[in-house]
Amino acid sequence: MKPVQLSGVSKISGALALLLKAAIQFIMLIWFLCFKIPRLDVFIVQNPPSVPTLAAVKLVSWLRGAKFIVDWHNFGYTLLGLSHGRSHVIVKIYFWFEKHFGRMTDGAFCVTKAMQHELSQNWGIKATVLYDHSPEFFHPASLAQKHELFCRLGSSICSAMGSADCISVEVEDKSTTVLTSKIDVEFL
């Protein structure tokens, strides 16, 4: 006896599940943005995700008289295209949604000049570039700095946390932490 193949049914149920998930998220976003937070002057949304975020925030910003700004970090449709292929119908719908609601913003910024160019030339969106990198004073911590930090945090990261604790470490030597040890002037 041959097993029954229901691939068409599973594709339809998968698509319906995605639509249901987006609809539930849309309703929850509307509820929280309208009733659970105080009135704001501006909504700033990081993109992606686009669906249903852009539509929900656009609606709420209109209802509450607030500005709607998108922080473009990437295009959601391109990320979706990595798993489904650029020509997949869901990717095309996502692209339309992202472009349509992206154009409805009161302002936009992005993280690269290339994205700014793409938004301007192909989407009709004027975005300001704000580079996404750390300031110069950020640098990797030295081993001595790490050891000093772990010594200061020692009691809080080594104390037992009750039944949820999966590991407890008792360190008696104050020059030793769970992650480092001080031997004369060298750290291991």
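Here are some notes on the predicted model shown above, taken point by point.

1. Overall layout. This is a predicted model, so read everything below as computed from it. The chain has 6 helices and 6 strands. Walking along the sequence, you meet them in the pattern α-β-α-β-α-α-β-α-β-α-β-β. The chain runs to 188 residues, and 29% of them are buried.

2. The greasy face on the surface. Leu20, Ile24, Met28, Trp31, Phe32 and Phe35 together make a nonpolar surface patch of about 660 Å². One of these, Trp31, sits in helix α1, which covers residues 7-36. How exposed is Trp31? Its relative accessibility is 44%, so Trp31 counts as partly exposed, because the partly exposed class lies between 20% and 50%. Phe35, also in the patch, comes out at 57% and therefore counts as exposed.

3. Trp31 and Phe35 as a ring pair. The structure holds 10 aromatic pairs. Trp31 and Phe35 make a tilted pair, because their ring planes stand at 45° with the centres 4.8 Å apart. A tilted pair is one whose planes fall between 30 and 60 degrees, so 45° fits that label. The two residues are 4 apart in helix α1, so about one helical turn separates them. If you have the viewer open, pick out this pair while looking at the patch, since both residues belong to the patch as well.

4. An aromatic cluster. Elsewhere in the sequence, which residues do ring pairs link into a cluster? They are Trp72, Phe75, Tyr77, Phe95 and Trp123.

5. The largest pocket. Its volume is about 550 Å³. The lining takes in 16 residues, and those nearest the pocket centre are Leu18, Ala22, Val51, Ile90 and Tyr94. Two elements give two or more residues to that lining: α1 and α4 (89-102). Which element gives the largest share? That is α1, with 6 residues. Helix α1 thus turns up here as well as in point 2, where it holds Trp31.

6. Two cis prolines in one loop. The bond from Asn47 to Pro48 is a cis peptide bond, with omega near 0°. Pro48 is in the loop between β1 (42-47) and α2 (53-64). Val51 and Pro52 are likewise joined by a cis peptide bond, where omega is about -5°. Pro52 also belongs to the loop between β1 and α2. Note that Val51 is one of the residues nearest the centre of the largest pocket, so keep point 5 in view when you look at this loop.

7. Salt bridges. How many salt bridges does a search of the whole structure find? The count is 2. Side chains of opposite charge can pair when their charged atoms come close.

8. Arg39 with Asp41. These side chains meet in a salt bridge at 3.4 Å, N to O. That falls within the 4 Å limit, so the pair qualifies. Arg39 has 49% relative accessibility and so counts as partly exposed. Asp41, at 59%, counts as exposed.

9. Glu148 with Arg152. The other salt bridge joins Glu148 to Arg152, with the closest N and O atoms 2.8 Å apart. Both residues are in helix α6 (residues 143-158), and because they are 4 residues apart there, about one helical turn separates them. Glu148 has a relative accessible area of 43%, so Glu148 is partly exposed. Arg152 has 58% and is therefore exposed.

10. Around helix α5. Lys113 is in helix α5, residues 113-123. Is Lys113 buried or exposed? Its relative accessibility is 55%, so Lys113 counts as exposed. Lys113 and Thr128 are 15 residues apart in sequence, and their C-alpha atoms are 8.7 Å apart in space.

11. After helix α5. Gly124 is in the loop between α5 and β4 (128-129). At 64% relative accessibility, Gly124 counts as exposed, because exposed means over 50%. Gly124 and Lys99 are 25 residues apart along the chain, with 9.1 Å between their C-alpha atoms.

Note on methods
Residues are numbered from 1 along each chain as its sequence is written. This is a predicted model: local features need pLDDT of at least 70, side-chain atom pairs count only at pLDDT 80 or more; totals for chains, interfaces and linings use all residues. Side-chain values use heavy atoms; hydrogens and water are left out. Patches are made of residues with over 30% relative accessible area and no salt bridge: like charges are joined within 9 Å, nonpolar side chains (Val, Leu, Ile, Met, Phe, Trp, Tyr) within 5 Å. Accessible areas come from the Shrake-Rupley method with a 1.4 Å probe; for residues, only the protein chains shown count as cover. Buried means under 20% relative accessible area, exposed over 50%, partly exposed in between (1.4 Å probe, protein chains only). Rings of Phe, Tyr and Trp (its six-membered ring) pair if their centres lie within 6.5 Å; planes under 30 degrees apart count as stacked, over 60 as edge-to-face and the rest as tilted. On a 1 Å grid over the protein atoms alone, a cavity is a set of points where a 1.4 Å probe fits but cannot get out, and a pocket is an open set with protein on both sides within 12 Å along at least five of seven lines; lining residues have an atom within 4 Å of a point. Grid points are joined across faces, edges and corners, and a volume is the space filled by probe spheres set on the points.
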